[in-house]
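Student: I have a new structure to study. Can we go through it in short questions and answers?

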Amino acid sequence: MTLRVAVAGASGYAGGELLRLLLNHPWVRIGALTAGTNVGQPLGQLHPHLPELADRRLQPTTAEVLSDHDVVFMALPHGTTAQLSRELDDIPLIIDCGADFRLTDATAWAQFYGTEHAGTWPYGLPELPGQRALLRDARRIALPGCFPTVATLALWPAYQAGLLTPVVDIVAVTGTSGAGRTLKPHLLGSEVMGSVTPYGVAGVHRHTPELRQNLSALAGAPVEVSFTPVLAPMTRGILAVCGAQLLDGVSEYDVREAYTKATAGERFVHLLPSGQWPTTAAVVGSNTAHLQAAPDPHRQRLIAVGAIDNLTKGTAGNAVQCMNLVHRFHEHIGLTTLGVAP
């Protein structure tokens, strides 16, 4: 089976990463490549690292252009997919890299995004309990945000095993590519280099309700989340440091056992040896999340750390993994567990 695949928003970072991965997929033929303000430009001007597609001209992002594909990846600004997908009912599979269909709570959506809730699609994080079964029969998939991907994976084994109280603190350091390709003064090299900056502080970041949603589902009860993202002078990567109180009697052995059991057999989640902690450099270009967790014996508190490439496992790689699931390919086709170093 060969799939004809379109990428809407091919001019952006997420779109470029999707194309990099899809070019290595043996059962994909790349169809329409669309954009907004960059319509008409050859892709090679925007993504010179993709020479095989350098001469392809970007088309407008319309239902007419995107029709007649087996899969459409939406790497578009929030709000765009909700409107456009209504005109693409005949497309067998749409995977949204944006936020439009991630949340189940319409009130939370209105509070954090300020528009009407468009609905909820199956959540594209295959490693979560029971999620593969839902995704295999899905026609529409909502990818997680990059921060929720890494923090959820870092805490999933502990909450699934019932080791934690329902309050968690998350501080996550991210590279600048997570903000997209649009020119913004605070992302200029002279502003970013040599500086680490928190943003979206005190519960206002849009990924906060998604983190609550995921962790509450794992815990089987509401989980309160304090989330602080931090911008760092690097291009790719997220390192999430998560802290939560362990229940009385939980030992270091219990923690290790929970993480070992949960991650066993997961190709794209790698539990590091005891004492070794994740780094963003180790996951650049890979679809793998590196995890580590250990109890702080002085406070009976778990510290769980995860690292991902925000453009790969945090977005495009996860999208390809979900496509593979739906079409009954092996999940790893077109993807790699290997990082790029140094």
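Tutor: Yes. Keep in mind that this is a predicted model. We start with one residue, Arg328, which is exposed at a relative accessible area of 52%.

Student: Why does Arg328 count as exposed?

Tutor: Exposed means over 50% relative accessible area. Arg328 passes that cut-off, so it counts as exposed, and its value is 52%.

Student: What is the phi of Arg328?

Tutor: Arg328 lies in the segment after H11. Its phi is positive, and the residue is not a glycine. The value is near 60 degrees.

Student: Which loop holds Ala202, and is Ala202 buried or exposed?

Tutor: Ala202 is a residue other than glycine with a positive phi, near 70 degrees. Its loop runs between strand S8 (197-198) and H9. At 68% relative accessibility, Ala202 is exposed.

Student: What is omega for the peptide bond between Ala341 and Pro342?

Tutor: Pro342 sits in the segment after H11. The bond that joins Ala341 to Pro342 is cis. Omega is about 0 degrees.

Student: Now the sheets. What is the strand order in the open sheet of six strands?

Tutor: The pairing in this sheet is parallel. The order is S3-S2-S1-S4-S5-S6.

Student: Why do S3 and S6 each have one side without a neighbour in the sheet?

Tutor: Strand S3 (59-60) and S6 stand at the edges. Each has a single partner strand, so one side of each has no neighbour in the sheet.

Student: In S3, what is the bridge partner of Ala35?

Tutor: Strand S2 (residues 28-35) pairs with S3 in the parallel sense, over two bridges. Opposite Ala35, the partner in S3 is Pro60.

Student: Which strands does helix H11 touch as it packs on the sheet?

Tutor: H11 covers residues 312-326. Its direction makes about 155 degrees with that of S5. The strands it touches are S1, S2, S4, S5 and S6.

Student: Let's look at strand S5. Are Leu93, Ile94, Ile95 and Asp96 buried or exposed?

Tutor: In a regular strand, side chains alternate between the two faces of the sheet. In S5, Leu93 and Ile95 are on one side, while Ile94 and Asp96 are on the other. Both faces are covered, and all four residues are buried.

Student: Which residue of S6 stands opposite Asp96?

Tutor: S5 joins strand S4 (residues 71-74) over four bridges, in the parallel sense. On that flank, Asp96 stands opposite Met74. Three bridges join S5 to strand S6 (residues 140-142), again running parallel. There, Asp96 stands opposite Ala142.

Student: What handedness has the β-α-β unit made by S4, helix H4 and S5?

Tutor: Helix H4 spans residues 80-85. Together with S4 and S5 it makes a β-α-β unit that is right-handed.

Student: Where is Gly98, and is it buried or exposed?

Tutor: Gly98 lies in the loop between S5 and helix H5 (106-113). Buried means under 20% relative accessible area. Gly98 has 3%, so it is buried.

Student: How far apart in space are Gly98 and Ala75?

Tutor: Beyond its sequence neighbours, Gly98 touches Met74, Leu76, His78 and Leu143. Gly98 and Ala75 are 23 residues apart in sequence. From C-alpha to C-alpha, they are 6.5 Å apart.

Student: What is the strand order in the open sheet of seven strands?

Tutor: This sheet has mixed pairing. S8 and strand S11 (269-271) stand at its edges, each with a single partner strand. The order is S8-S9-S7-S10-S13-S12-S11.

Student: In S12, what is the bridge partner of Leu271?

Tutor: S11 and strand S12 (residues 289-296) run parallel, and three bridges join them. The partner of Leu271 in S12 is Leu291.

Student: What angle does helix H10 make with S12?

Tutor: H10 (residues 252-263) packs on the sheet and touches S10, S11, S12 and S13. Its direction and that of S12 make about 165 degrees.

Student: Last, the second largest pocket. Which helix gives the most to its lining?

Tutor: This pocket has a volume of about 250 Å³. Its lining has 14 residues, and among those closest to the centre are Tyr123 and Asn214. Helix H6 (131-136) and helix H9 (208-219) each supply at least two residues. The most, four residues, comes from H9.

Methods:
Residues are numbered from 1 along each chain as its sequence is written. This is a predicted model: local features need pLDDT of at least 70, side-chain atom pairs count only at pLDDT 80 or more; totals for chains, interfaces and linings use all residues. Side-chain values use heavy atoms; hydrogens and water are left out. Buried means under 20% relative accessible area, exposed over 50%, partly exposed in between (1.4 Å probe, protein chains only). Two strands pair if DSSP finds at least two bridges between them. A crossover is right-handed if, with the strands pointing away from the viewer, the path from the first strand over the helix to the second runs clockwise. Contact means heavy atoms within 4.5 Å. Axes are lines fitted to C-alpha atoms, for helices over the stretch in contact, and angles run from 0 to 180 degrees between N-to-C directions. On a 1 Å grid over the protein atoms alone, a cavity is a set of points where a 1.4 Å probe fits but cannot get out, and a pocket is an open set with protein on both sides within 12 Å along at least five of seven lines; lining residues have an atom within 4 Å of a point. Grid points are joined across faces, edges and corners, and a volume is the space filled by probe spheres set on the points. Lists of a residue's contacts leave out its neighbours within four places in sequence.
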